[in-house]
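Welcome! Open your viewer, and let's take a short walk through this structure together, one selection at a time.

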Amino acid sequence: MILPVLLTGFASGAALIVAIGAQNAYVLRQGLRREHVAEVVLLCIAADVLLMSAGAAGFGAVLERFPWLVEVTRWGGAAFLLVYAGIALRRALRPAAALQAASDRRTTRRGALLTAAALTFLNPHVYLDTVVLLGTLAHAHGPDRWWFVAGSVTASVVWFTLLGAGAHRFAPLLARPAVWRGIDVGVALTMAVLAVRLVLS
């Protein structure tokens, strides 16, 4: 039956996507600032569609055969996360440069998309989760694997849409610079921890 496969795909995708990480933190930040939210959300969803489909099509086997590809993204991802953690920490320590909903220093569309793409594709856990793990789970359903992918993609659409579009509801709270600094400290710590975990994994 198709429905159980769809629900299994949705639950599996949600379990991996909802975990707080660098990508989610960035989508939340853009949503709070109301900067290029739709574009960033669409990029994240498109990336999940691409990677989940690649896993279902068998690309996970390629990564398992050539583990050096994962190794390259592991070190590159760790370096990027540490740099971004430093940027977030600098914002938190410099009130004049802290995040503000009405800041004059706006992020360009190109800059927002490049950052979102880097946080997505330079994170080796993305490949391990979406390509290898979800790909393996999808193949377990044989000819119905694409329904499993459809369920996982639906989870991605729901999550990123809620994260990006719902964040602005907290805008009144974020009128206080101290709250923005706290968010940046949280983002910096999250990305630093992720970077360390990548190096040690």
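Is Ser-12 buried or exposed? Ser-12 has a relative accessibility of 17%, under the 20% cut-off, so it counts as buried. Bear in mind on this tour that the model is predicted.

To see where you are, select residues 2-17: this is helix 1, and Ser-12 lies in it. Now show what surrounds Ser-12. Setting aside neighbours within four places in sequence, Ser-12 is in contact with Leu-134, Leu-137 and Phe-148.

Next, colour helix 3 (residues 37-57) and helix 7 (residues 124-139). Their axes come within 7 Å and cross at roughly 45°. Helix 3 and helix 7 are therefore oblique to each other. If you rotate the view, look for the handedness: helix 3 passes helix 7 in a right-handed crossing.

Which residues make this contact? On helix 3, select Asp-48, Leu-51, Met-52, Gly-55, Ala-56 and Ala-57. On helix 7, add Val-126, Tyr-127, Thr-130, Val-131, Leu-134, Gly-135, Ala-138 and His-139. Sorted by class, the contact has 9 nonpolar, 4 polar and 1 charged residues.

For the last stop, zoom in on Gly-135, which is found in helix 7. With a relative accessibility of 2%, Gly-135 counts as buried. Leaving out residues up to four places away in sequence, Gly-135 touches Gly-55, Ala-56 and Thr-130. Try drawing a distance between C-alpha atoms here: Gly-135 and Ala-54 are 81 residues apart along the chain, and their C-alpha atoms are separated by 7.5 Å.

Notes:
Residues numbered from 1 in each chain as written. Predicted model: local features only at pLDDT ≥ 70, side-chain atom pairs only at ≥ 80, totals over all residues. Heavy atoms only, no water. Axes fitted to C-alpha atoms, helices over the stretch in contact; angles between N-to-C directions. Helix = DSSP H or I, 4+ residues; strand = E, 2+ residues; numbered from the N terminus. Parallel < 35°, antiparallel > 145°, perpendicular 65-115°, else oblique. Left-handed = near helix turned anticlockwise from the far one by under 90°. Contact = heavy atoms within 4.5 Å. Nonpolar A, V, L, I, M, F, W, Y, C, P; charged D, E, K, R; others polar. Buried < 20%, exposed > 50% of the residue type's maximum accessible area, 1.4 Å probe, protein only.
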